[in-house]
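Biologist: Got a minute to go through this one with me? I'd like to start with the fold and then get to the interface.

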Number of protein chains: 2
Amino acid sequence: MRVDPAAPSGRRRDEPARAAIVRAATEQFLAEGFQATSTDRIAAAAAVSKQTVYNQFGDKRSLFAAVVLGVTATAEAFGAELTAALAAVRRPEEVEPALRMLLRRWAAVALSPRVLAMRRLVIAEAGRFPELAAEYHRRAPEATLRTVAAGLADLVERGLARVEDPDRVAADLAFVLFGAELDRALFHPGTPPPDAERLDALVDHAFRVVRPLG
Amino acid sequence: MRVDPAAPSGRRRDEPARAAIVRAATEQFLAEGFQATSTDRIAAAAAVSKQTVYNQFGDKRSLFAAVVLGVTATAEAFGAELTAALAAVRRPEEVEPALRMLLRRWAAVALSPRVLAMRRLVIAEAGRFPELAAEYHRRAPEATLRTVAAGLADLVERGLARVEDPDRVAADLAFVLFGAELDRALFHPGTPPPDAERLDALVDHAFRVVRPLG
DNA sequence: CTGCAGCTGGACCGGACGGTACCGAGCGCA
DNA sequence: TGCGCTCGGTACCGTCCGGTCCAGCTGCAG
């Protein structure tokens with residue numbers, strides 16, 4: 001907690017330890033849950049002493065928060081990918097293929113084992129970490145939704161598509177696309193993610209039901 | 001574990017104890033989760049000794065299973081209610097009001113605090129109780145979906161509606177109806193359930209998007 | 001070379017938890 | 001009325017966990 005202004009030589013030698021702990025804790029938490037994971041196992045998995053864990057994070061709850069908020073970085077990256085995909089559209093006939101590709105990626109990510117495990121983990125602890133759960137939801141699934149909605153609005157603005165309410169359409173697309181699969185998957189850990197044909201079928205169906213273009 | 005054939009006098013005097021334990025355990029599990037609930041607290045809340053808990057259920061896991069599968073009885077009752085609502089439809093012009101009423105009830109139940117808490121609880125323990133989680137999903141949300149699909153198919157058979165794929169339409173209705181709300185609510189425990197206007201808006205939207213009638 | 005800061009391994013603590021052993025009370029049966 | 005058996009209450013056991021403390025080692029700065 002040093003507040004030295006213009007810190008001259010940031011000693012980054014402690015970063016590897018922190019990163020290793022976060023990585024190890026992420027794996028353990030995702031696999032076993034928060035309560036069932038002991039700090040001893042985390043330290044052992046990170047090849048670090050337990051004291052170092054407590055030096056870096058203070059207590060187990062803070063470590064958990066670091067883990068949960070840490071993975072939202074990948075959600076940000078995913079959002080950027082989606083934004084870029086829609087921003088690359090130049091001509092009206094490119095809209096549908098781009099949207100189909102976006103939906104495919106979206107479903108694949110939302111139904112990937114890691115994302116599902118993270119959802120289970122955060123939902124499981126939502127009662128004990130309410131603000132953390134809300135923050136995760138805001139930064140990950142909801143942020144993706146907003147990103148897609150913004151992408152749709154951008155298409156409209158550039159005269160490439162007609163969408164009345166981009167926010168609603170984005171949400172409808174998402175939940176017709178993978179709502180049922182997501183619901184099922186949350187209760188069935190270990191289920192393999194959808195294969196290519198299944199993804200195509202999901203996208204086809206969502207596209208048919210919601211009709212995002214006009 | 002006595003297997004007396006033709007047990008003459010069923011001693012139902014132990015039923016109250018069992019029922020009290022299940023009721024108390026349900027409240028505790030829903031509020032605190034499986035791991036954070038001690039059998040001592042359950043026994044105390046049920047006004048019963050811990051020994052009685054172990055006499056009745058053997059161990060904590062079996063008690064948990066009894067709790068989770070116990071609440072699926074209410075899901076069955078709810079399914080019967082929905083079936084009756086659609087079975088009461090006699091004339092084509094009654095279809096839409098009946099469906100709107102059904103969707104309202106469906107959303108209200110799916111987004112009720114107890115159902116949400118149960119979802120969180122079972123999802124949280126899905127890793128440690130895979131078959132139990134699968135069974136719960138099969139008996140509660142999936143059963144409701146199948147019930148609604150069967151009701152739609154029945155309407156079709158009686159010439160009161162035209163629905164191409166009742167299973168898909170039921171799922172689409174459900175997830176356009178409350179998919180987004182359900183997702184949000186899972187991460188925000190303690191949020192009040194939707195009020196009457198919100199429910200109406202959800203139903204309107206789902207009806208507009210999915211158009212179940214032809 | 002010397003000091004120092006931080007890491008390591010490990011012992012340790014207080015407490016909580018799942019599960020059990022034991023014992024007294026109450027009930028059915030004669 | 002007496003007897004035996006079953007059931008519930010209490011006290012207890014072993015274990016594990018979050019968190020702390022300590023002594024020794026290591027690598028960098030001056």
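Modeller: Sure, what follows is a quick walk through the chains, their interface and some side chains.

Modeller: Keep in mind that this is a predicted model.

Biologist: Okay, how many helices and strands are there in chain A?

Modeller: Chain A has 10 helices and 0 strands. Read from the N terminus, its elements go α-α-α-α-α-α-α-α-α-α.

Biologist: And what box do the C-alpha atoms of chain A fill?

Modeller: Roughly 60 × 45 × 30 Å, taken along the principal axes.

Biologist: What share of the residues in chain A is buried?

Modeller: Buried residues come to 44% of the 214 residues in chain A. As for contacts in chain A between residues at least 6 apart in sequence, 73% of them join residues at least 24 apart.

Biologist: Give me one residue inside chain A. Is A:T72 buried or exposed?

Modeller: A:T72 has a relative accessible area of 3%, under the 20% cut-off, so it counts as buried. You'll find A:T72 in helix 4 of chain A, residues 60-87. Leaving out residues up to four places away in sequence, A:T72 touches A:Y136 and A:R139.

Biologist: Now the interface. How many residues of chain A are in contact with chain B?

Modeller: 33 residues of chain A contact 33 residues of chain B. Between them the two chains bury about 2900 Å², with 64% of that on carbon and sulfur atoms. A:I123, A:F175 and A:F187 supply 24% of the area chain A buries against chain B, more than any other three residues.

Biologist: What about polar stuff across the interface, how many salt bridges and how many polar contacts?

Modeller: The rule finds 2 salt bridges between chain A and chain B. One salt bridge pairs the side chains of B:D183 and A:R119, at 1.8 Å from N to O. There are also 10 residue pairs in polar contact across the interface, both residues at pLDDT 80 or more.

Biologist: Which elements of chain A give two or more residues to that side?

Modeller: Helix 6 (113-124), helix 7 (130-139), helix 9 (166-187) and helix 10 (196-210) of chain A. Helix 9 gives the most, with 11 residues. By class, the side of chain A that touches chain B has 18 nonpolar, 6 polar and 9 charged residues.

Biologist: How are the two copies related?

Modeller: A rotation of 180° with 0.0 Å of shift along its axis superposes chain A on chain B, with an RMSD of 0.0 Å. The copies are therefore related as by a two-fold rotation axis. In chain A, the C-alpha nearest that axis belongs to A:A124, 2.1 Å from it. The same surface serves both copies, as 100% of the contact residues of chain A recur in chain B.

Biologist: I've got B:H205 on screen. What does B:H205 touch?

Modeller: Not counting residues up to four places away in sequence, B:H205 touches A:R168, A:D172 and B:V176. A polar contact of 2.7 Å joins the side chains of B:H205 and A:D172. B:H205 sits in helix 10 of chain B and counts as buried at 10% relative accessibility.

Biologist: And B:E197, buried or exposed?

Modeller: B:E197 is exposed, at 59% relative accessibility. B:E197 is in helix 10 of chain B, residues 196-210.

Biologist: Back to salt bridges. How many are there over all chains?

Modeller: The count comes to 32 by this rule. Take B:D204 and B:R100, whose closest N and O atoms are 2.2 Å apart. B:D204 lies in helix 10 and B:R100 in helix 5 (residues 95-110) of chain B, so the pair ties together parts 104 residues apart in sequence. Both are partly exposed, B:D204 at 34% and B:R100 at 25% relative accessibility.

Biologist: What about B:D172 and B:R168, how far apart are they in helix 9?

Modeller: They are 4 residues apart in helix 9 of chain B, which means a separation of about one helical turn. Their side chains meet in a salt bridge at 3.2 Å, N to O. B:D172 is buried, with a relative accessible area of 4%, whereas B:R168 is partly exposed at 25%.

Biologist: Last one: which residues are linked with A:R91 in a network of salt bridges?

Modeller: A:E93 and A:E94 are in that network with A:R91. The closest N and O atoms of A:E93 and A:R91 are 3.7 Å apart, and A:R91 is partly exposed, with a relative accessible area of 48%.

Technical notes: Residues numbered from 1 in each chain as written. Chains lettered and ligands numbered in written order. Predicted model: local features only at pLDDT ≥ 70, side-chain atom pairs only at ≥ 80, totals over all residues. Heavy atoms only, no water. Contact = heavy atoms within 4.5 Å. Buried area = accessible area lost by both parts, 1.4 Å probe. Salt bridge = Lys/Arg side-chain N within 4 Å of Asp/Glu carboxyl O. Polar contact = N/O pair within 3.5 Å; in protein donor to acceptor, adjacent residues only side chain to side chain. Nonpolar A, V, L, I, M, F, W, Y, C, P; charged D, E, K, R; others polar. Least-squares fit on C-alpha atoms with pLDDT ≥ 70 in both. Buried < 20%, exposed > 50% of the residue type's maximum accessible area, 1.4 Å probe, protein only.
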